Amino acid sequence: MLYTGGAGARRNPWDLRGKVSDMEDKIQNYQVKFKSVNQENEVLKGSMALSQTRAAEMERELETQRSQIRNHLLLWTDRIFSCGGFFCPLQITVSAQESTVNRLQANLRVKEEEVTALQATVSQQRDELHAGEMERRRLHNAIQELKGNIRVFCRVRPLVAGGLSHHIQLSGSDDKSITLAKTEESHTGKTTDTQKNYNFSFDRVFGPQASQQEVFEEISLLVQSALDGYNVCCFAYGQTGSGKTYTMEGDEFDETRGVIPRAVQQIFKAADKLAAQGWEFTFTASFVEIYNETLRDLLHTGKSVKKPDLDIRKTTNNEVTITNLTYKKVSTEDQVLGLIALANQNRSTAQTAQNDRSSRSHSVFQLDIEGVNVGRDVKCKSTLCLVDLAGSERMVKSQSQGERFKEMTAINGSLSNLGIVITALANKESYIPYRNSKLTYLLQGCLGGNSKTLMFVNIAPEPDSFAESLNSLRFASKVNDCVIGTASANRK
Ligand SMILES: Nc1ncnc2c1ncn2[C@@H]1O[C@H](COP(=O)(O)OP(=O)(O)OP(=O)(O)O)[C@@H](O)[C@H]1O
């Protein structure tokens, strides 16, 4: 997304077009550079691997030669001793052995010099690779910044019978626009019906045919940023049944897996690759549900009656943490998938006790990432935060009483506060009301200046969801107008 000012800023469309095309050129330039740095890094990695193999082979050859020399020397000493220090015919053989040893030693010195030179090449290539990796990160994040630190993607779910409703029109040309069309009947019956169009544009609009893979491809670059030391937050907003959980978690089959399992897979694969360059990562996962402004640990395995109270606190380093929450150290993709399954089981147990609860609670999955490259004395720290928000639909007040009314107030309060926080960040206000709701307080680290945020606005295509879709798109549009300060990596 390309930003020209804060929410509500007046824009001259010609200026805007110029700026958009400038930025698109810049992004294209960076993308070309990024691709070539990536290719150079791959070539360098290949040649470093070859040099390392050759150095190891030569080390082995050296060891063989050293042991040959040792054997010759032993043989030589034995023979001298066996002569008792007097001239003996064996002395001729001994002097031949001596010249063999000298030759071998000269050979050894040459090989040792070659190994030292090769090791220097490997070390230089390692330096170049590290510099290349840092350049890749810089370019990657420059591209992300140009695209904007808050991006909004819209995704329209298919109708149950397939296809798309007539009231939703997607642009065939650019994948970025969506129109909701409403036919208004003539009140008098004398004039023809009129059609009112509501146009919206976002960083990307996915139609009902878009696959999970296609959707993930667009956000995988953001996930990479989390490994580079940037806080990344991705959340799904929309009415109940619009496809938030499908987008974030998906189904169990490979091709229908959602953002969370795909992001986890990408993170562990990338961390494995970086290990070859001296990076070591530690990962800590947590999964929390916010229901009626109360937190619940979705990774809790003890007896439910003994659940300790959870409270959001700030550490002395200004980091947000939750007291008594389960923080699990994880080192493989399968471990994380196991935790996600446990969280789902905990959610569905509560769901059985309380019908439809998961639609009325926010679920927040967090992966804390700490990386260290001891040889280079570099560290990075970040959080990847993936959130499935509660259904955003507004209930008819008169119909909601008791528990339902309480839930509605809690959801509306936290979602509208999310909008307020994002707008306040965009307007660079001195006070950001994070503490007005548990959701924004918890997401503080992932929403503030040092973060990259992606919001999915999920749309249900049924005609009777028109009003809710319009509300969701208006909310998303507000977020789309925001520009959050330049993110910087948490690197030391
Ligand atoms: N893009 C899609 N392609 C195919 N099926 C989808 C898609 N999006 C959603 N669905 C299906 O639509 C139904 C509702 O989706 P989902 O449960 O993800 O909605 P939700 O917004 O998370 O609802 P809730 O707020 O109740 O959790 C599910 O059966 C889901 O599998």
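Modeller: Before anything else, a reading rule: helices (H or I, at least four residues) and strands (E, at least two) are DSSP runs, numbered from the N terminus. Residue numbers start from 1 along each chain as its sequence is written. This is a predicted model, with local features needing pLDDT of at least 70, side-chain atom pairs counting only at pLDDT 80 or more, and totals for chains, interfaces and linings using all residues.

Colleague: OK, so how many helices and strands are in the protein chain?

Modeller: There are 10 helices and 14 strands. Helix 4, residues 244-248, gives the most to the shell around the ligand, namely 3 residues.

Colleague: Which residues of that shell are the closest to the ligand?

Modeller: A residue is near a molecule or strand if its C-beta atom, placed from the backbone, lies within 6 Å of it. Here 14 residues surround the ligand, and Gly243, Lys244, Thr245, Tyr246 and Ser359 are the closest.

Colleague: And what does the shell look like by class?

Modeller: The convention is that Ala, Val, Leu, Ile, Met, Phe, Trp, Tyr, Cys and Pro count as nonpolar, Asp, Glu, Lys and Arg as charged, and the others, Gly among them, as polar. On that basis the ligand shell holds 10 polar, 2 nonpolar and 2 charged residues.

Colleague: What is the mean pLDDT of the protein chain?

Modeller: pLDDT is the predictor's confidence in each residue, from 0 to 100. The chain's mean is 81, and 81% of its residues reach 70 or more. Among the elements, helix 1 (residues 13-82) has the lowest mean, 73, while strand 11 (residues 328-330) has the highest, 97. Over residues 1-14, pLDDT stays under 50. For the complex, the predictor gives an ipTM of 0.98 and a pTM of 0.74.

Colleague: Now the interior. Which residues have the most contacts inside the largest nonpolar core?

Modeller: The general idea is that in soluble globular proteins, nonpolar side chains tend to be buried together. A residue is buried if 20 or more other C-beta atoms lie within 10 Å of its own, exposed if 12 or fewer, and partly exposed in between, with C-beta atoms placed from the backbone. A nonpolar core joins buried Ala, Val, Leu, Ile, Met, Phe, Trp, Tyr and Cys residues through C-beta atoms within 7 Å. The largest one here has 79 residues, and Cys154, Leu386 and Ala476 have the most contacts inside it. Its largest share, 9 residues, comes from helix 7 (residues 402-426).

Colleague: What is Leu386 in contact with?

Modeller: Two residues are in contact if their C-beta atoms, placed from the backbone, lie within 7 Å. Beyond its neighbours within four places in sequence, Leu386 touches Cys234, Met248, Val259, Ile260, Ala263 and Phe365.

Colleague: How about pairing: in which sense do strand 7 and strand 8 pair?

Modeller: Two strands pair if DSSP finds at least two bridges between them. Strand 7 (residues 279-291) and strand 8 pair in the antiparallel sense over 4 bridges, with Tyr291 standing opposite Thr294. They form a hairpin with 2 residues between them, and Asn292 in the turn has a positive phi of about 50°. In strand 8 (residues 294-297), Leu295 and Asp297 make the covered face, Thr294 and Arg296 the uncovered one.

Colleague: And why does Glu293 count as partly exposed?

Modeller: Because Glu293 has 14 C-beta neighbours inside 10 Å. Glu293 lies in the loop between strand 7 and strand 8, and has a positive phi of about 60° although it is not a glycine.
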